[in-house]
Amino acid sequence: MVKALERIDNRLRWIDQTRLPAVVDYKESDDYFEIIRAIKRLEIRGAPAIGIAAAYGLAVAVERAKIYNPDFIRKVGSEFKNARPTAVNLSWAVDRVLARLNDSEGNPISDAQPLWEEAEEIHREDEQMCEKIGANGAELIEDGSTILTHCNAGALATGGIGTALGVIYTCRNQGKNIKVYVDETRPLLQGARLTAWELMHEKIDTTLICDNTAGMLMRQGKIDCVIVGADRIARNGDIANKIGTYPVAVLAREHDVPFYVAAPASTFDDNIKTGDDITIEERAPEEVTRGFGRATAPDDTKVYSPAFDITPHNLISQYITDSGNKPGGREQS
Ligand code: MRU
């Protein structure tokens, strides 16, 4: 299974996801600015993965600067938190590392070791949560199912086998015969470039579709369920996930197709009441007008490009989590 992130000595190594699927390019750095830049550019992406990267990034910064002053470390922590606003995993992971600024007796740290330890722990826990999500989710999926997914919630987006895709890999390992339709996921094509690549690497029966094909397939009865990941889950169960998730959930309800959200504990944000309180990141117009280098719209076109949308809890059939499957707010038919 591909590894999105890895600690190599005192550096972070990552696969540059902007270059997939054409080039499998690993980068390494001991410079925290480069790690923040990689998160902003989506070289490292997916809610759990950016949290893990930020945790390692803090350790990288302190290791290199050899400054143990809490103000400095908190400032670096804020820079990581501000890299992307929607996924809660980023600030969740940074806060966990910042909680190690003092040892158990309250003395300030004198080297970066405790920060590395916490980052590695976060990474290990995420890997284990993915395994549990996979096992719990597989209970909902029958042999012979055809699953639709949106964006990439796989190994590339996490510290383990993924959340939504973790369920698919676990089904495969259990001997179930699973087919997957992958939404291409405009505008940055995480579905086409990353999910299709990852699933094919794992020899899963994969069919790529344009985002606007999902409705027709559901109407034809060709989709048994939808599984997606999440970037943040509010107290009332509303979720933020990649733009285009909400219309898929609406289609799923219309066609009586179960809609599952797979996410680890680190994605649930008890401080946020409803999806309306989640900050939605907006991306640069060029990602739409010149997506992969070629002009697809006039340069001066006005563009609105939110990176995520909110799917209300009443469209969600089940949450698949590391601590079990929980019913969503959608009425069961
Ligand atoms: O902008 P991205 O590619 O970081 O968006 C990622 C998603 O929306 C994923 O579905 C989400 O982070 C869950 S990943 C387990």
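Q: What makes it fair to say that helix α7 (residues 190–201) lies across β4 (146–149), β5 and β6, and at about what angle does α7 run to β5?
A: Lying across is a matter of contact, and contact means heavy atoms within 4.5 Å. Helix α7 reaches β4, β5 and β6 in that sense, and its direction makes about 160 degrees with β5. Axes here are lines fitted to C-alpha atoms (for helices, over the stretch in contact), and angles run from 0 to 180 degrees between N-to-C directions. Helices (H or I, at least four residues) and strands (E, at least two) are DSSP runs, numbered from the N terminus.

Q: What kind of model is this, and which residues and atoms count?
A: This is a predicted model, in which local features need pLDDT of at least 70 and side-chain atom pairs count only at pLDDT 80 or more, while totals for chains, interfaces and linings use all residues. Residues are numbered from 1 along each chain as its sequence is written, and side-chain values use heavy atoms, with hydrogens and water left out.

Q: How do you know that β5 and β6 are paired?
A: Two strands pair if DSSP finds at least two bridges between them. Strand β5 (residues 179–183) has five bridges to β6, and the two run parallel. One place to look is Val-180, which stands opposite Thr-206 in β6.

Q: Why are β6 (205–209) and β13 (324–327) called edge strands?
A: Both belong to an open sheet of seven strands with mixed pairing, in the order β6-β5-β4-β7-β10-β12-β13. β6 and β13 each have a single partner strand, so one side of each has no neighbour in the sheet. On average, neighbouring strands of this sheet are turned by 25 degrees against each other, direction ignored.

Q: What makes the three-stranded sheet antiparallel, and in which order do its strands come?
A: The order is β8-β9-β11, an open sheet with antiparallel pairing. Here β8 (232–233) and β11 are the edges: each has a single partner, so one side of each is left without a neighbour in the sheet. Strand β9 (residues 239–242) pairs with β11 over four bridges, in the antiparallel sense; in one of them, Asn-241 has Asp-309 in β11 as its partner. Helix α9 (residues 245–254) packs on this sheet, touching β9 and β11, at about 30 degrees to the direction of β11.

Q: Why are α2 and α5 described as roughly antiparallel?
A: The axes of α2 (residues 47–65) and α5 (residues 113–138) come within 8 Å and cross at roughly 165 degrees. Angles under 35 degrees count as roughly parallel, over 145 as roughly antiparallel, 65 to 115 as roughly perpendicular, and the rest as oblique. The pair is therefore roughly antiparallel.

Q: What handedness does the crossing of α2 and α5 have, and what is the make-up of the contact?
A: The crossing is left-handed; that term applies if the near helix is turned anticlockwise from the far one by less than a right angle, and right-handed if clockwise. The residues that meet include Ile-52, Tyr-56 and Glu-63 in α2, and Trp-116, His-123 and Asp-126 in α5. By class there are twelve nonpolar, one polar and three charged residues. Ala, Val, Leu, Ile, Met, Phe, Trp, Tyr, Cys and Pro count as nonpolar, Asp, Glu, Lys and Arg as charged, and the others, Gly among them, as polar.

Q: How do you know how α3 is oriented to α4?
A: Helices α3 (residues 70–81) and α4 (residues 89–98) pack at about 165 degrees, with their axes 9 Å apart. That angle makes them roughly antiparallel, and their crossing is right-handed. Among the residues that meet are Ile-73 and Phe-80 in α3, and Leu-90 and Val-94 in α4. The contact holds five nonpolar, two polar and three charged residues.

Q: Does Ala-87 count as buried or exposed, and why?
A: Buried means under 20% relative accessible area, exposed over 50%, and partly exposed in between (1.4 Å probe, protein chains only). Ala-87 has 5% relative accessibility, so Ala-87 is buried. This residue sits in the loop between α3 and α4. Leaving aside neighbours within four places in sequence, Ala-87 touches Ala-47, Ile-50, Asp-231 and Arg-232.

Q: What about Ser-305: buried or exposed?
A: Ser-305 is at 6% relative accessibility and therefore buried. Its place is the loop between α10 (286–289) and β11 (308–311). Beyond four places in sequence, its contacts are Pro-187, Glu-281, Glu-282, Arg-283 and Val-288.

Q: What makes helix α6 (residues 164–173) count as mostly covered?
A: Eight of its ten residues are buried, among them Leu-165, Ile-168 and Cys-171. After α6 comes Gly-175, with a positive phi near 90 degrees.
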